[in-house]
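Here are some points for a colleague who is opening this structure for the first time, set out in the order in which they may be easiest to follow.

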Amino acid sequence: MSLTSKRGATCVLAVFLLGGSVVWGADPAVLKPRVPLDRIEEAKTWRNPFPVTPERLERGKKLFHGKGFCVTCHGRDGKGFGNIPGLRGKLPRDFTDKAWQAKRTDGELFWILKNGSPGTDMASFIPLVLTEEEAWHVLLYVRAFGGT
Ligand code: HEC
C-alpha cells in the first residue's frame with residue numbers, strides 16, 4: 001500500500017468513526033423508552049434512595065462484576081456491544097452513551113432490572129439475582145460510566 005492510499009484509508013476510518021459516534025449519540029433505536037408506556041409514568045417517579053458515595057460506588061462495581069454478572073454482556077468498560085450500526089437498539093447497552101444516560105431516569109433503569117427488557121436478552125434480575133437495595137447500588141455504578 002502506498003503512503004497516499006494508507007493516509008486515505010486512515011481518513012475514511014476517521015470519518016466513519018466520527019460519523020458513527022454522532023449518529024449513535026442520537027440513535028432513536030437506543031433512546032426509545034424500554035418501559036412499556038402504561039408503566040413508564042409510575043417508573044419515572046422512583047428515585048434511587050442511596051446517594052452516591054465512593055463506598056456505594058465500590059459496592060455497585062463489585063455487584064456489576066460479581067453477583068450481578070452485568071460485566072459478561074455490558075463489558076468492563078461499560079460499552080457493551082451497543083455500538084454496531086443496525087444492531088444498536090438490541091445489543092447490551094453502551095453505558096458511556098451520554099445521550100442515552102440523559103434520556104433515562106433512575107426509575108426506568110430500576111424497572112428494567114425488575115422486569116427485564118421484553119424481547120431482548122436483558123433479563124429480570126430482581127429478586128432472583130439482586131435485592132432491590134443491591135440493584136440501586138449497581139445502578140450508581142451504571143450511572144458512573146456516563147461520567148455523572
Ligand atoms: C445476558 C446479557 C446481559 C446481562 C448479563 C446484563 N444485561 Fe443489561 N442489557 C442487555 C441487553 C441485550 C440490553 C439491551 C436491551 C434493549 O435494548 O432493550 C441491556 C440493557 C440494559 C439496560 C438499558 C435499558 C434501557 O432502558 O435502555 C440497563 C440499565 C442494563 N442493561 C443494566 C444491566 C445490569 C445492571 C446488569 C447486571 C445486574 C445487566 N444489565 C446484565 C444484556 C444483558
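1. A residue is called buried here when its relative accessible area is under 20%, exposed when that value is over 50%, and partly exposed in between. Please keep in mind that this is a predicted model. By that cut-off H74, at 10% relative accessibility, counts as buried, whereas M122, at 26% relative accessibility, counts as partly exposed.

2. These two residues meet at the metal: the iron atom of the ligand is coordinated by NE2 of H74 and SD of M122, at 2.0 to 2.2 Å. Because H74 belongs to helix α5 (residues 71-74) and M122 to the loop between α7 (106-115) and α8, the pair ties together parts that are 48 residues apart in sequence.

3. What is the arrangement of the six donor atoms around the iron atom of the ligand? The angles that they subtend run from 86 to 178°, which makes the arrangement octahedral.

4. The ligand is surrounded by 24 residues, of which R34, C70, C73, H74 and M122 are the closest. A polar side-chain atom of R34 lies 2.5 Å from an oxygen atom of the ligand, and an N or O atom in the side chain of W100 is 2.9 Å from an oxygen atom of the ligand. For H74, a polar side-chain atom lies 2.8 Å from a nitrogen atom of the ligand.

5. A further histidine deserves a look, namely H137, which lies in helix α8 (residues 132-144). With a relative accessible area of 2%, H137 is buried, and, leaving aside residues up to four places away in sequence, H137 touches F50, R56, R59, G60 and L63.

Notes:
Residues numbered from 1 in each chain as written. Predicted model: local features only at pLDDT ≥ 70, side-chain atom pairs only at ≥ 80, totals over all residues. Heavy atoms only, no water. Helix = DSSP H or I, 4+ residues; strand = E, 2+ residues; numbered from the N terminus. Buried < 20%, exposed > 50% of the residue type's maximum accessible area, 1.4 Å probe, protein only. Contact = heavy atoms within 4.5 Å. Donors = N, O, S within 2.8 Å, 3.2 Å for Na, K, Ca; no water. Tetrahedral: all angles 85-135°; square planar, octahedral: opposite > 155°, others 65-115°. Near = heavy atom within 4 Å. Polar contact = N/O pair within 3.5 Å; in protein donor to acceptor, adjacent residues only side chain to side chain.
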